[in-house]
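Good morning, colleagues. I would like to take a few minutes to go through one model with you, beginning with its charged side chains.

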Amino acid sequence: MGYTSIVCGVTGSAHAQKAALKAAALAKRDNARLTYVYAVDAGFLRGSVGGMSASLAGDGLERLGEHILNYAEQLAQSQGVTPKKIVRRGSPLEVFKQIVGEEQADLLVLGHEERSFFEKALFKGNVEDHVAELKQQTGAEVAVIK
């Protein structure tokens, strides 16, 4: 039995692009719905940074996310799949949980992101640190692509 609905988190990284391609191949194989998600998390910006508000930074990140999703869409189309694309504000973990529920996904695909000590503190660890939590709270399988 295959998957019926796949959600894939995307960023501009090579690992996320690899995950987007893998998710598209799985969607093609199983004739599953595919949804790419870009989470805009400007929450770490408090107040104003260099005269730019967190809200304005979030707007810029949303536009960046749309470009990244368009690239992921091209990857999916190379596999014969037309994905749904979602840009949503919030912490990535919360956004992924929301979208998995909304799309009734049975698989969440994420790319492994190497992070520095600072990034691990800022983003509360690596993707792998949250796999069990995501599985438990969504009921979906979680695949981390390296």
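**Salt bridges and the first helix**

Let me begin with Glu73 and Lys85, which form a salt bridge whose closest N and O atoms are 3.0 Å apart. Glu73 belongs to helix α2 (residues 54-77) and Lys85 to strand β5, so this pair ties together parts that are 12 residues apart in sequence. Glu73 counts as buried, at 18% relative accessibility, whereas Lys85 is partly exposed at 33%. I should say at once that this is a predicted model.

The count of salt bridges comes to 8. Two of them involve Lys97. With Glu94, Lys97 meets in a salt bridge of 3.1 Å, N to O. These two residues are 3 apart in helix α3 (residues 92-102), which means that about one helical turn separates them. With Glu133, Lys97 forms a salt bridge in which the closest N and O atoms are 2.9 Å apart. That second pair links distant parts of the chain, from Lys97 in helix α3 to Glu133 in helix α5 (residues 131-138), 36 residues apart.

Is Lys97 itself buried or exposed? Its relative accessible area is 15%, so Lys97 is buried. Glu94, at 39%, and Glu133, at 27%, are both partly exposed. A network of salt bridges also links Asp59, Glu62 and Arg89.

Strand β5 deserves a second look. Lys84 is found in this strand, which covers residues 84-89, and is partly exposed at 43% relative accessibility. The side chain of Lys84 makes a polar contact of 2.7 Å with the side chain of Glu103. Beyond residues up to four places away in sequence, Lys84 touches Leu34, Thr35, Tyr36 and Glu103.

I turn now to helix α1, residues 14-30. Its 17 residues should span 24 Å at 1.5 Å a residue, and the end C-alpha atoms are indeed 24 Å apart. The buried residues of α1 include Ala16, Ala19, Ala20, Ala23 and Leu26. The buried set covers an arc of only 165° around the axis, and therefore sits on the same side of α1. Ala14, Lys28 and Arg29 are exposed on the face turned away from that buried side. Just after α1, Asn31 takes a positive phi of about 55°.

Finally, the whole chain. The protein has 5 helices and 7 strands, and 42% of its 146 residues count as buried. Among contacts between residues at least 6 apart in sequence, 73% join residues at least 24 apart.

Terms used: Residues numbered from 1 in each chain as written. Predicted model: local features only at pLDDT ≥ 70, side-chain atom pairs only at ≥ 80, totals over all residues. Heavy atoms only, no water. Helix = DSSP H or I, 4+ residues; strand = E, 2+ residues; numbered from the N terminus. Buried < 20%, exposed > 50% of the residue type's maximum accessible area, 1.4 Å probe, protein only. Contact = heavy atoms within 4.5 Å. Polar contact = N/O pair within 3.5 Å; in protein donor to acceptor, adjacent residues only side chain to side chain. Expected span 1.5 Å × (residues − 1). Arc of directions from axis to C-beta. Salt bridge = Lys/Arg side-chain N within 4 Å of Asp/Glu carboxyl O.
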